[in-house]
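Colleague: I would like a close look at a single part of this assembly, namely chain B and the chains it touches. Could you take me through it in one connected account?

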Amino acid sequence: MIQRFRMFAPLAMLAIVLTACPASTTPSESAGGGGGGSSTAPGSSDGAAAGGSIEVTSLWGGAEADAFQAVLDAFSAESGIEVTYTSQRQDYATVLNNRLEQSDPPDVAIIPGIGFLRSFARDDLLVPLSDLGIERDAIEGNYPPGLVDIGVVDDELYALVVKLNSKATVWYKPDSFDEQGFEVPADFADLIQITEDYKAAGLTPWAVGALDSWTLTDWFEIIYLHQAGEEAYDTLFSADGNWSDQSVVDAIDTMTQIINNDNVAGGIDGALATGFVDGIGLVFGENASAEMYYEGGFVGGIAAGDVNPALADQLGTGIDFFDFPTVDGNGAGAITIGGDVIAAFTDNPGVAEFMQYMTTPEAGATWAAGGTIISPLKGVESSVYEDVNVLAAKEAEQVANATAVRFDGSDLLPAGTDLGAVLQAAIQDPSSAGSALEGFQSEVDAAWADSTGG
Amino acid sequence: MTNVVAPVAVPRRQQGAFGRFVSGWSIAAGLFLGPALLLLLVFMVYPTVSTIVLSFENGIDNYVRLLTQDPKFLSFSTFPPRGALVNNVLWVIFYVGGCIFFGLLIAVMASRVRYESFITAIVFLPQAIAATALGVIWRFVYFPNENTGLLNAVLGIFNAGPIAWLGSVSWVNTGLIIAGVWGSVGFATVILLASLKGISTEIIEAARVDGARESQIFWRIIIPMLSLPISVVAVTLIINVIKLFDLIYVMTQGGPANSSRTIAFSMYQEALPSRNFDYGAAIAVMMLVILLPVLIFNIRRFRSDRVIA
Amino acid sequence: MTALAEPVIEPPAKTPAEKILRFIRKTPIHIGLMAVAVFWLVPTLGLLITSFRPRSEIQSTGWWTVFTGNLQFTTQNYSDVIGAQNMLSAFINSLSITIPATIIPLILASLAAFAFAWVSFPFRDTIFLIIVSLLMVPIQMVLIPLSRLFGDIGIGGSFLGIWIVHTTFALPFGIFLLRNFFITLPRDLIEAARIDGASSWNIFRRVVVPLSVPAIASYGIFQFLWVWNDLLIALVFAPRTGQPMTVQVTTLLGTYASEWNLLAAAAFLIMVVPLIVFFSLQRYFVQGLLAGSVK
């Protein structure tokens, strides 16, 4: 069980990068909070008696929302506290900001990125978890090394990583591979070969949902990690990142070997008009018109849960994923992950209890059982994933066996920087990548200066 | 009510003279005016001043960055230049120009047939509906799949396309502006048609008796006589452009690659999702500055019409 | 262009032959107007038809196939968006936002316009000029401070907050429009009422308002449609449980960008009320537009 998570050791290194850059010292006033017995839920009986209620917001809908709802229901059943889940699929960051500006925050929210976490924390909008009876030292052992640090801003713990997904998964149709006689590719060169063979067979190899530009940042990040290596990755997504570096240009170049007019459904313009979920539909929908789709582990749940329910009976045949291949032989076992952190904006009754609940393996297992996420909590048995389906088990295994794990880089950049738009420009006109990156450098520099200087 | 230019013109001093007659009503004036003035002061004037102050939080840094270091707002690194400001210029030229051209064309054509009111109603209809709905209508027309999107289906007949209009940096602004023109031509048509009818037939008859050709009548008489309503329409549409947000938000979210941003959309994007509040404030101030000449034009117009003192 | 450049107003045709001849002479115009009608109707019509087609049909064939005999229709899309996608509650929210945000500015602007038109007080014209200038202030200019102000006074994310924003931004236009109308009312009438000893309130209520119904109605229609169709103010200030239909549709767009069955039905639900208002009150609408093409 414990060995399943040894791969998180690299995260400790990442955490150093994360916390090294700000280094400003906000005096953390841990106002006593939950006192000693912080692992038990103080006042839980009060909450139950009062039947209090809290509001939790996030940006999930569909199968992802259902899986999260199950966690909320389990919490309500146990505590008697009613939880209202508000989902905001569109413009989540805006809505959250509006509510914060208008002093109307949700009690608890999934934070739209680590950049936002820093910004919220430094604007004194978040309740430190120590005030809610969650001490960093006490929970550190429940998570893989380094993971708790992701929620730390200026030495104060504000947020918990509550879910993970691998972002090193390339989704394909095994039946179609068999038909064509393809093997799962080990290296990027093999992937290019499959792409070419699909075209030769008259099929469209790829769909890309580039309207949602974060799909492109994910493409870029996994390629960069494999091609340039872990150290370069850590530097690039820190305040010292040099976006004009040759390694960045090379990664974009590699990316456009696949994402170009010849390989993508609808060409580049078509991809740029296709949303993330629509892209899944192009590959796994009822009227599919493409063969492969790269995005995180959550694709399986959305494809079989929302886009095309018929796929639920064809896991491993109609839909499956392979590990993102090595690039020039590099990057074996290195994966990027996307994760979400949850933080509290109020210390209303029930909030402490809810946040504490989210640190329990029980919550993690309930959530993971929904089949859309990997729980970061060590206490969640691997059998949970096996019970869900083969794909969830496979994703959990991939994460567990990874030799290097890196957090989604664009999530680490300061709030408001838009790497996705740069990549949109780059795939549409690769020759413009240079000037777009220059512009991005000044944007990122200004944003880092804002976020660390303020 | 057919005279657009001075719908309610009254002799300048008339109300003043009568005003003196009821000068004892000052307290009443306070009661009548109070609520409106209070709201305007607290919820419009005060926040406007705060925004200006906020935009100068770091001296003029925000403005320098906006005009020289923000390729999303203004970039000369490519030719032609790009950025939200440039897009707004495109909108002013093609959207305002398009609305006036087609508005005039439709008004002149419609004025010569019996089903005039039918045509104007059809063209005017988009004025009543939300830009949100209008955006959905046009996203549907532009949809990349030729079994769904009308435009690509039409292209398909000629064995062309399909083109992802809103996914293409080179087409996206054209696509948006066409949707915008479609939505606003009715406004231009209705106003220009009303003015057209206000032109005295005697002048035109007299010109005809003098041997003027019909094309001369159009260009030398009708157009000059419509110049004021045309400028009124132009100014109103320019204000629309500077405040243009909904359509961009619904149809493209400023993409792809930020290529369809407008000033008003940039302000929203910087201030709200991105939490660059002072930077967003600077963009809002830019909007106001750009609107100033329009304001001066309008006040002059009202003054010359004696709409206001 | 030559065909268009013909006389704007023609003498009436006398004989049937003349009528036919004139119709033929106008053929280019009829064709042009037909093209106009098609261009302006087809996009909306396409979406309307789509909103009544079954999802499976929408995904496999274009809406235009209904003209070649593909006549499968359903109201399922509407029940889907009304039920599962919360459009019904969004519809009610739209009403809850729009009705007060129309009535309040109507009252306040009428009162203020009356003072500007018929009451003398110091700096009247200057103040009026300033209010007219406020017409130009874009909503973006106040978004940030107003959010914070609402937070400070405890009305952030409430219906009251969004009513206040809509009311405030409606006032300059309303005061401008109504003042200009009130000023045209017969002076003798108001003078007579005054001599009879009527208070200013009674003059306002019993003389000015009844005579100004058309102007007040145009302003009311404008304001109603403006608020109903608004997206930006709602995105920022609408209560989290009170999101109007415009916001709900953008949420749908973000989630189901190619589920045209849902999008088409939702878009039409937004349009229903404005279309009813438009068709029943078109006259006032156009009058208001002509009187105050400034907003």
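Modeller: What follows begins with chain B itself, moves to its two partners, and ends with the sheets of chain A.

This is a predicted model, and the confidence along chain B is the place to begin. Chain B averages a pLDDT of 85, with 90% of its residues scoring at least 70. The N-terminal stretch is another matter, since pLDDT stays under 50 over residues 1-23 of chain B, although the model has 48 contacts beyond four places in sequence for that stretch.

In its secondary structure chain B comes to 14 helices and zero strands, and its elements, read from the N terminus, are an unbroken series of α. Of its 309 residues, 54% count as buried, and among the contacts in chain B between residues at least 6 apart in sequence, 65% join residues at least 24 apart.

One loop of chain B deserves a slower reading, namely the one between helix H12 (246-251) and helix H13 (263-271), where B:Pro256 has its place. A cis peptide bond joins B:Gly255 and B:Pro256, with omega at about -5°. B:Gln253 lies in the loop between H12 and H13 of chain B as well, and this residue has a positive phi of about 55° although it is not a glycine. Both features stand out because most residues other than glycine have a negative phi, and most peptide bonds are trans. Is B:Gln253 buried or exposed? B:Gln253 counts as buried because 21 other C-beta atoms lie within 10 Å, where 20 or more are needed.

Turning to the contact with chain C, 94 residues of chain B are in contact with 92 residues of chain C. On the chain C side, helix H14 (residues 260-291) gives the most, with 15 residues, and by class that side has 65 nonpolar, 22 polar and five charged residues.

Chain C, for its part, has 14 helices and zero strands. Its C-alpha atoms fill a box of roughly 75 × 65 × 30 Å along the principal axes, and its radius of gyration is 25 Å, whereas a compact globule of 295 residues would have one near 19 Å. Of those 295 residues, 53% count as buried, and among contacts in chain C between residues at least 6 apart in sequence, 76% join residues at least 24 apart.

Chain C also holds a residue with a positive phi that is not a glycine, C:Phe123, at about 60°, and C:Phe123 lies in the loop between helix H5 (87-118) and helix H6 (124-134) of chain C. C:Phe123 is exposed, because it has 9 other C-beta atoms within 10 Å, and the limit for that class is 12 or fewer.

The contact with chain A involves 21 residues of chain B and 23 residues of chain A. The elements that give two or more residues to the chain A side are helix H4 (92-101), helix H12 (267-272), helix H20 (419-428) and helix H21 (433-453) of chain A. The residues on that side divide into nine nonpolar, twelve polar and two charged.

Chain A also brings strands into the picture. An open sheet of four strands has the order S8-S9-S7-S10 in chain A, with mixed pairing. Strand S8 (206-207) and strand S10 (320-323) of chain A stand at the edges, each with a single partner strand, so one side of each is left without a neighbour in the sheet. Within this sheet, strand S7 (residues 169-172) and strand S9 (residues 292-294) of chain A pair in the antiparallel sense over two bridges, and A:Trp171 stands opposite A:Tyr293 in S9(A). Helix H13 (residues 276-284) of chain A lies across S7, S8 and S9 of chain A, running at about 155° to S9(A).

A further pairing in chain A joins strand S6 to strand S11 (residues 334-344), which run antiparallel over seven bridges. In this pairing A:Leu160 has A:Ile342 in S11(A) as its bridge partner. Strand S6 (residues 159-166) of chain A is mostly covered, with eight of its eight residues buried.

Note on methods: Residues numbered from 1 in each chain as written. Chains lettered and ligands numbered in written order. Predicted model: local features only at pLDDT ≥ 70, side-chain atom pairs only at ≥ 80, totals over all residues. Contact = placed C-beta atoms within 7 Å. Nonpolar A, V, L, I, M, F, W, Y, C, P; charged D, E, K, R; others polar. Pairing = 2+ DSSP bridges. Axes fitted to C-alpha atoms, helices over the stretch in contact; angles between N-to-C directions. pLDDT = per-residue confidence, 0-100. Rg over C-alpha atoms; globule rule 2.2 N^0.38 Å.
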